[in-house]
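Hi,

Here is the structure I promised to pass on to you. Have a look at it first, and then read my notes underneath.

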Amino acid sequence: MTSYNDLWLIGIAWRLDRLRWAPTALLTGCVRSHGLCMAEFPADEPAWLDQQLTDRELAAAMCQGCPVTDECLELELRSGGADTGGVWGGLSADDRRELHAHWLCRGERAERGVAR
Ligand code: SF4
């Protein structure tokens with residue numbers, strides 16, 4: 001039986017299909033230019049810094065409001081693959097590792113990066 005978590009991740013994998021043919025260099029430039037975490041750190045510490053958050057909550061908090069979350073996620077799935085770590089695309093490493101299997105099932109990509 002498919003779990004709620006699987007359905008959630010399958011939905012994200014479907015959503016990323018719109019980036020299927022985007023060249024990796026284009027995604028990289030987009031994330032570098034527009035990613036929230038690529039900008040200078042704000043003068044005030046984020047409110048979530050002192051909170052006890054799960055990895056999933058931390059990822060959601062860190063990437064909240066980023067305009068290139070999907071591009072970042074697609075890029076990390078291509079480059080990090082199943083060995084992905086840290087926070088990218090608003091998801092924890094565990095969630096991205098699970099997402100990777102669903103993402104692979106979605107078929108061809110412009111470039112897949114290193115197969116893992
Ligand atoms: S989605 Fe998160 S990790 Fe990726 S560029 Fe945006 S803020 Fe940075």
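**What I found**

Let's start with one glycine. With 18 C-beta neighbours inside 10 Å, Gly81 counts as partly exposed, because the buried class needs 20 or more and the exposed class 12 or fewer. You'll find Gly81 in the loop between α4 and α5 (93-104). If you want to see where Gly81 sits relative to another residue, try Arg20: the two are 61 residues apart in sequence, and their C-alpha atoms are 15 Å apart in space. Do keep in mind that all of this comes from a predicted model.

Now the whole chain. What is its secondary structure made of? The count is five helices and zero strands, so reading from the N terminus you get α-α-α-α-α. Along the principal axes, the C-alpha atoms fill a box of roughly 45 × 35 × 20 Å. The radius of gyration is 14 Å, which agrees with the value near 13 Å that a compact globule of 116 residues would have. As for burial, 24% of the 116 residues count as buried. Here's one on contacts: if you take those between residues at least 6 apart in sequence, 71% join residues at least 24 apart.

Next, the inside. The largest nonpolar core has 17 residues, and the ones touching the most other members are Val31, Cys72, Leu73 and Leu99. Which elements give two or more residues to this core? They are α1 (4-15), α2 (24-34), α3, α4 and α5. The largest share comes from α4, with four residues. Leu99 is a nice one to click on: leaving out residues up to four places away in sequence, Leu99 touches Leu9, Ile12, Ala13, Leu77 and Leu91.

Last, the ligand. There are 15 residues around it, and those that come nearest are Gly35, Cys37, Cys63, Cys66 and Cys72. Two elements give two or more residues to this shell, namely α3 (55-63) and α4 (69-79). Sorted by class, the shell has eleven nonpolar residues, four polar ones and no charged ones. Did you spot Cys72 turning up twice? Cys72 is among the residues that come nearest to the ligand, and Cys72 is also one of those touching the most other members of the core.

Have fun looking around!

Cheers

Note on methods:
Residues numbered from 1 in each chain as written. Predicted model: local features only at pLDDT ≥ 70, side-chain atom pairs only at ≥ 80, totals over all residues. Near = placed C-beta within 6 Å. Nonpolar A, V, L, I, M, F, W, Y, C, P; charged D, E, K, R; others polar. Core = buried A, V, L, I, M, F, W, Y, C linked by C-beta atoms within 7 Å. Contact = placed C-beta atoms within 7 Å. Rg over C-alpha atoms; globule rule 2.2 N^0.38 Å.
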